[in-house]
Protein chains: 2
Amino acid sequence: MSIGQQIIAACERLGRHSDDPDGLTVAYLSAAHCAVAAELKQAMVAAGLAVTVDAVGNVIGRLACGRPDAPTLLTGSHFDTVRNGGRFDGRLGIVLPIALARHLNESGERLPFDLEVAAFAEEEGLRFASTFLGSSPLVGQFDANVLECTDASGVRMRDAMKDAGLDPDGIAGLRRDPASLLGYYEVHIEQGPVLLHAGEALGVVTSIAGCVRHCCRVIGTAGHAGTVPMPLRHDAGTAAAEMVLAMEARCRADPSATVVGTAGRFEVVRGATNVIPGEAQFTIDLRAAEDGPRDRALADVLLSCQEIARRRGVSFASELTMKVPATPCTPAWVDALAAAVAGFGLPARRMPSGAGHDAMMMGRALPMAMLFVRCGNGGVSHSPAETMTAADAELAAAATLAFWRSLGAAAQDAPDRARE
Amino acid sequence: MSIGQQIIAACERLGRHSDDPDGLTVAYLSAAHCAVAAELKQAMVAAGLAVTVDAVGNVIGRLACGRPDAPTLLTGSHFDTVRNGGRFDGRLGIVLPIALARHLNESGERLPFDLEVAAFAEEEGLRFASTFLGSSPLVGQFDANVLECTDASGVRMRDAMKDAGLDPDGIAGLRRDPASLLGYYEVHIEQGPVLLHAGEALGVVTSIAGCVRHCCRVIGTAGHAGTVPMPLRHDAGTAAAEMVLAMEARCRADPSATVVGTAGRFEVVRGATNVIPGEAQFTIDLRAAEDGPRDRALADVLLSCQEIARRRGVSFASELTMKVPATPCTPAWVDALAAAVAGFGLPARRMPSGAGHDAMMMGRALPMAMLFVRCGNGGVSHSPAETMTAADAELAAAATLAFWRSLGAAAQDAPDRARE
């Protein structure tokens with residue numbers, strides 16, 4: 001079985017565990033979650049890794065290179081899912097390096113650095129809204145307040161962790177000394193249609209987009225659908241419709257070509273067929289590879305909304321609900337990863353990641369790179385319909401190994417250069 | 001107390017009865033409904049009318065002119081309400097002719113026709129979705145199937161009527177011989193802002209708009225709000241937004257200037273902030289004074305929706321949920337009513353009614369005219385915030401009496417002309 005086939009098979013196997021029998025839902029510390037953790041631990045052991053489960057439930061497999069002063073390359077992703085998610089989202093970034101570690105062990109190849117494969121217990125925040133719970137402690141970004149959060153059944157996160165044999169009070173101690181780490185690398189399915197559309201297998205991430213979100217409320221004048229002539233209306237619904245179209249047009253026209261804007265929620269509040277809408281609400285989600293273009297787009301969109309509201313005689317209010325800065329990948333690593341991909345005759349497309357990933361958290365403290373793998377089936381993700389091919393997984397594994405070797409060469413060259 | 005003040009006071013008094021203590025809700029055959037019916041009966045008796053309660057619960061007060069072969073002018077409106085409705089909607093058209101009948105009795109004036117004031121028990125259809133229940137039997141438009149409808153508590157209409165001492169099997173017998181009737185006349189609060197905006201007290205209705213409704217569904221492609229570039233999106237939400245704006249623009253530009261179009265419901269289905277909308281639904285409600293302009297507008301709107309769907313790569317489907325033809329008022333009566341209004345030095349604005357009224361039902365079989373009275377408070381209706389002034393009520397009563405006198409003169413002239 002090729003490495004690509006091993007990777008697909010491993011994701012299929014993990015995908016059999018689910019909190020709901022008909023879907024694919026793995027919430028932090030559920031029975032399915034524990035089963036996936038146990039299976040990952042077993043796979044790591046079988047690949048020759050030394051495995052620990054840390055205080056937050058991350059399963060960490062270590063492949064030492066034998067040099068006592070060697071730095072460590074962290075690589076991994078998360079194994080929890082959204083509600084009814086995909087089999088490759090997160091898990092690909094765990095099983096691919098496990099497969100490579102097995103290959104390194106079997107071939108006897110030793111990289112000039114220690115390798116740690118991190119299977120992060122939680123990134124999606126499905127159960128406790130605690131996104132990046134697994135990766136944040138490693139870079140000192142853990143927020144202890146989340147331990148007091150409760151799930152939909154009223155269970156406190158702290159108690160759920162204790163029941164699972166974890167150590168909530170030990171989480172703060174998981175912080176790694178950045179000086180001991182070479183950096184962080186993550187392989188992830190693209191979760192979008194860009195590579196599929198371009199007919200390319202792999203993409204080199206340049207930046208993880210920041211996100212800004214607003215909740216918007218338009219208040220107009222409700223009225224009888226038959227008795228108010230068009231020129232006398234102050235329709236909150238059509239005003240909001242014009243606003244979301246203004247956002248769409250602004251994002252489409254952005255010169256950076258990386259800005260995306262979404263009105264994921266849009267509703268006429270208490271709407272009735274025969275009543276002119278008196279209130280409408282919608283959400284704005286704006287992202288871009290860099291914060292500058294994103295913030296300029298947001299300012300323009302809010303200005304358009306205000307102008308539309310003024311012209312239509314309705315009121316407009318928006319509330320900031322989230323603002324996360326973009327995390328650029330480390331330029332030298334991006335170049336090295338692109339060279340590794342190009343070494344196989346592949347296009348090495350550079351692209352931003354519109355979705356957040358553990359790499360975003362790790363990149364706040366460490367050198368960081370990320371490889372995207374083509375997402376099949378129209379690019380659908382966060383859905384059981386998410387697919388990828390063994391051939392693409394094989395290419396991703398090969399490019400990853402080439403990238404690691406180049407990192408090793410650079411690490412070995414550096415002292416030589418320092419001595420020159 | 002002037003007639004205008006009497007009218008306002010009567011509506012205020014009736015408005016104290018409500019099914020919900022804090023609002024104004026009077027559902028067919030509720031305790032509040034029975035109390036309003038009893039109070040109307042009492043007021044009719046006090047005004048010198050001979051009162052009957054018919055099989056459906058309509059309270060009918062008759063003022064005979066003394067000529068055995070005289071035709072009857074029917075006038076009235078409904079006394080049920082929508083949920084949390086207004087004090088003048090419907091009731092104005094009952095208490096105004098009661099006040100005029102009292103005035104005729106007190107002054108000794110006799111019109112050359114019998115007058116019947118009909119307080120229709122049900123028009124809004126709140127409890128059993130049986131709109132025009134009160135008026136439809138009089139013109140042979142009663143649909144006996146509604147007797148088997150149940151309310152939200154599972155009570156059958158037929159049983160509710162029997163419990164209230166009414167005679168469901170007698171409803172079909174309420175049909176009046178059109179030859180015995182002069183026609184139907186209704187005074188109603190405008191329920192819109194047109195007269196208020198124009199600074200005019202009264203409006204002469206030319207036609208009761210027909211209504212056509214569609215439920216529309218747009219299916220696009222759901223996707224991650226961060227990972228799908230703008231040019232690759234098939235966003236059902238922005239597609240639907242463009243469609244409702246196309247409807248708005250088409251109605252605004254209609255040459256007839258009476259077409260109104262409303263998307264009263266608009267929703268991204270299962271929307272989430274970080275998901276590109278995969279499905280959106282909205283409703284279309286189109287009305288016009290005449291069916292031709294309305295139907296041409298609908299055809300254009302649906303064509304625009306299909307064109308937008310094609311251009312955006314989404315699917316569009318619409319389902320007809322209601323189609324009611326417009327009911328024109330009787331031209332000679334419109335002219336006579338306009339002359340009566342103009343006789344008081346008022347502008348006599350001619351305007352369509354965008355809302356349905358008992359006059360729509362009665363106008364299918366009889367000569368019919370309708371007078372609108374200015375709605376205060378921005379034109380809000382179907383709300384406890386609905387208001388009108390005693391001065392406007394006074395003008396409406398005066399114009400009504402003048403109109404009745406002109407009808408009487410025409411009725412008396414007609415035989416003379418026939419003899420010439």
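Let's start with the surface: chain A exposes about 15900 Å², and carbon and sulfur atoms supply 52% of that area. Please keep in mind that what you see is a predicted model.

What about the charges of chain A? There are 37 positive and 48 negative ones, and the mean positions of the two sets are 2 Å apart.

Now to the fold itself. Chain A has 10 helices and 16 strands. Its radius of gyration is 24 Å, and the globule rule gives 22 Å for 420 residues; the two values are close, so chain A is as compact as a globular protein of that length. If you prefer outer dimensions, the C-alpha trace spans about 80 × 50 × 40 Å along its principal axes. How many of the residues of chain A count as buried? The answer is 58% of the 420. And if we take contacts in chain A with a separation of 6 or more, 78% of them join residues 24 or more positions apart.

On to the pair of chains. A turn of 180 degrees, with a shift of 0.1 Å along the axis, lays chain B on chain A with an RMSD of 0.1 Å. That is how a two-fold axis relates two copies. Which surface do the copies use to meet? Of the interface residues of chain B, 100% are interface residues in chain A as well, so both chains meet through the same surface.

With the overall picture in place, let me walk you through a few loops.

First, the loop between strand 4 (114-120) and helix 4 (157-163) of chain A, where A:Ala129 sits. A:Phe132 lies in that loop between strand 4 and helix 4 too. Have a look at the backbone here: phi of A:Ala129 is near 55 degrees, a positive value in a residue that is not glycine. A:Phe132, also not a glycine, has a positive phi of about 65 degrees. Are these residues buried or exposed? A:Ala129 is exposed, at a relative accessible area of 63%, whereas A:Phe132 has 12% relative accessibility and counts as buried, because the cut-off for that is under 20%.

Next along the chain comes the loop between helix 4 and strand 5 (181-189), which holds A:Ala179 in chain A. A:Ala179 counts as exposed, with 67% relative accessibility. Try finding A:Thr72 from there: 107 residues separate it from A:Ala179 along the chain, yet their C-alpha atoms are 9.5 Å apart.

In chain B, B:Arg175 is in the loop between helix 4 (157-163) and strand 5 (181-189). What does B:Arg175 touch, once neighbours within four places in sequence are set aside? Its contacts are B:Pro137, B:Leu138, B:Val139 and B:Gly140. B:Gly85, by comparison, is 90 residues from B:Arg175 along the chain, and 29 Å lie between their C-alpha atoms.

My last stop is A:Ser383, back in chain A, in the loop between strand 16 (368-373) and helix 10 (390-419). A:Ser383 is buried, with a relative accessible area of 17%. Which residues does A:Ser383 touch, apart from those up to four places away in sequence? They are A:Asn84, A:Gly85 and A:Gly86.

That's my tour, and thanks for listening!

Methods
Residues are numbered from 1 along each chain as its sequence is written. Chains are lettered from A and ligands numbered from 1 in the order in which they are written. This is a predicted model: local features need pLDDT of at least 70, side-chain atom pairs count only at pLDDT 80 or more; totals for chains, interfaces and linings use all residues. Side-chain values use heavy atoms; hydrogens and water are left out. Helices (H or I, at least four residues) and strands (E, at least two) are DSSP runs, numbered from the N terminus. The radius of gyration is taken over C-alpha atoms; the globule rule is 2.2 Å times the number of residues to the power 0.38. Buried means under 20% relative accessible area, exposed over 50%, partly exposed in between (1.4 Å probe, protein chains only). Contact means heavy atoms within 4.5 Å. Accessible areas come from the Shrake-Rupley method with a 1.4 Å probe; for residues, only the protein chains shown count as cover. Lys and Arg count as positive and Asp and Glu as negative; His and the chain ends are not counted. The place of a charge is taken as NZ of Lys, CZ of Arg, CG of Asp or CD of Glu. Copies are superposed by least squares on the C-alpha atoms of residues with pLDDT of at least 70 in both.
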